Amino acid sequence: MSTRTEQGTAGSSPGYQRYVLGEVPRFNAKNHAFSRAIWDPEMKAVGARYFGLQHPSDKEGYRLEDYAAYNASWYAERRFGRGNQGGNFGLYDWECLEDRVNKIAPGFKLAVDDPQKMARRIKRVAQTFGASLVGICRLDRRWLYSHQYDRNTGQSNPVELPEECNYVVVMAVEMDYRLISLSPQVLANAGAGLGYSKMAFISGLVAQFIRLLGYQAIPTGNDTGLCIPMAVDAGLGEMGRNGLLIAPLYGPRVRLCKVITNLPMAVDKPIDLGIQDFCDKCEKCAELCPVQCIMYGQRTARPNNLCNNTGLLKWPIDAEKCLKFWAGNGSASCSVCIRTCPFNKEDAWIHRLSGGIIRRTTQFNRFFVWLDDLLRYGKQVPTHKYWY
């Protein structure tokens with residue numbers, strides 16, 4: 001079971017509050033780049049290409065078998081989750097719609113007299129169902145969306161959760177290292193797609209477990225609220241220059257899902273992995289981004305466009321540039337900033353040792369960046385090496 005000692009050393013950081021400079025309004029999901037690609041005239045041309053049909057070719061990394069694997073990896077998310085289209089559907093449904101399949105008589109409710117024990121049980125179940133990392137935090141309602149955007153209907157509806165739901169179980173799902181190493185070739189997106197399909201499966205099952213204990217549970221993927229702030233609050237990592245969560249063991253190579261609930265549990269402490277100073281000195285993701293949508297230099301509270309929220313000190317990503325590259329690349333993602341991040345490593349003792357040193361001192365950060373380049377970590381792997 002992942003604990004704080006396994007996931008990183010507990011620090012005095014106040015979670016995502018460390019990035020807050022002033023008032024932070026709840027973000028409207030209508031302003032995500034993917035949503036704007038549907039309703040915003042400035043991005044509709046990009047949206048038509050991004051959401052349109054894909055055309056395999058004879059080019060390595062873009063052949064029919066690559067597109068087939070990539071599309072197959074998304075099947076569970078698109079058929080049974082649809083978290084990227086608004087959530088509250090299928091495995092992400094906010095209520096159990098299949099009471100007839102449950103074999104527990106109604107009316108039972110577990111009395112929670114030990115929140116620590118309850119937290120351990122939830123983590124055990126979540127990891128049994130497939131979560132790579134699990135953390136628990138209290139719900140900070142600033143990280144809920146103000147409105148959810150339904151890409152199918154074009155409707156924008158307020159996000160309103162029961163007041164009593166004040167806990168969040170946040171789960172990280174590891175993406176396949178071999179697949180991400182192919183980015184930005186099409187097959188790399190099978191790593192992301194499989195992550196999204198697992199997100200729907202895992203969060204749906206964890207929510208169902210909590211419901212059967214007699215409590216409310218709202219499973220969500222990228223819908224309903226911002227995953228990264230909740231993951232930081234739950235002690236799963238820190239935000240990196242690439243705008244992603246940097247998690248112990250996996251770096252940015254994770255997808256996040258969550259269950260919002262009224263089940264009383266002990267919460268985890270945020271952790272300090274030394275990401276701030278390391279990202280200040282590294283900048284590899286900014287240098288190697290195909291369209292330079294990741295900023296250099298120090299963090300800022302100035303947004304690039306509607307896709308960024310305000311009031312936060314961070315490295316805001318230019319999501320408009322990012323999505324344009326995805327559309328032109330013929331894939332639903334890129335992942336170059338994940339592949340090239342020095343924290344993206346397979347689990348090995350030497351990488352755990354390096355991470356431990358980075359957590360404890362900033363003295364060797366430039367050396368680790370140099371060593372990462374020297375050993376050619378993060379270099380793109382041709383797709384034929386995956387197939388053969």
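Two strands are taken as paired where DSSP finds at least two bridges between them. In this predicted model, an open sheet of 4 strands follows the order E1-E4-E8-E5, and its pairing is antiparallel. Strand E1 (133–138) and strand E5 (217–220) form the edges, each pairing on one side only. Averaged over the sheet and with direction ignored, neighbouring strands are turned by 20 degrees against each other. Strand E4 (residues 167–174) runs antiparallel to E1 and is joined to E1 by 6 bridges; within this pairing, Gly135 stands opposite Val170 in E4.

Two helices lie across strands of the sheet. Helix H6 (residues 115–128) lies across E1 and E4, at about 140 degrees to E1. Helix H8 (residues 189–212) lies across E4, E5 and strand E8 (254–261), and its direction makes an angle of about 20 degrees with E8.

A search of the whole structure for enclosed space returned 2 cavities of 30 Å³ or more. The largest cavity holds about 100 Å³ of space. Its lining comprises 14 residues, of which Cys279, Cys282, Cys285, Cys341 and Pro342 are the closest to the centre. Helix H10 (275–282) and helix H11 (284–288) each supply at least two residues of this lining, with H10 giving the most, 3 residues. By class, 9 of the lining residues are nonpolar, 2 polar and 3 charged.

The second largest cavity contains about 30 Å³ of space. Thr300, Ala301, Arg302, Pro303, Asn308, Asn309, Leu312, Lys314 and Pro316 line this cavity, giving a lining of 4 nonpolar, 3 polar and 2 charged residues.

Key. Residues numbered from 1 in each chain as written. Predicted model: local features only at pLDDT ≥ 70, side-chain atom pairs only at ≥ 80, totals over all residues. Heavy atoms only, no water. Axes fitted to C-alpha atoms, helices over the stretch in contact; angles between N-to-C directions. Contact = heavy atoms within 4.5 Å. 1 Å grid on protein atoms, 1.4 Å probe; cavity = no way out; pocket = protein on both sides within 12 Å on 5 of 7 lines; lining within 4 Å. Points joined across faces, edges and corners; volume = space filled by probe spheres on them. Nonpolar A, V, L, I, M, F, W, Y, C, P; charged D, E, K, R; others polar.
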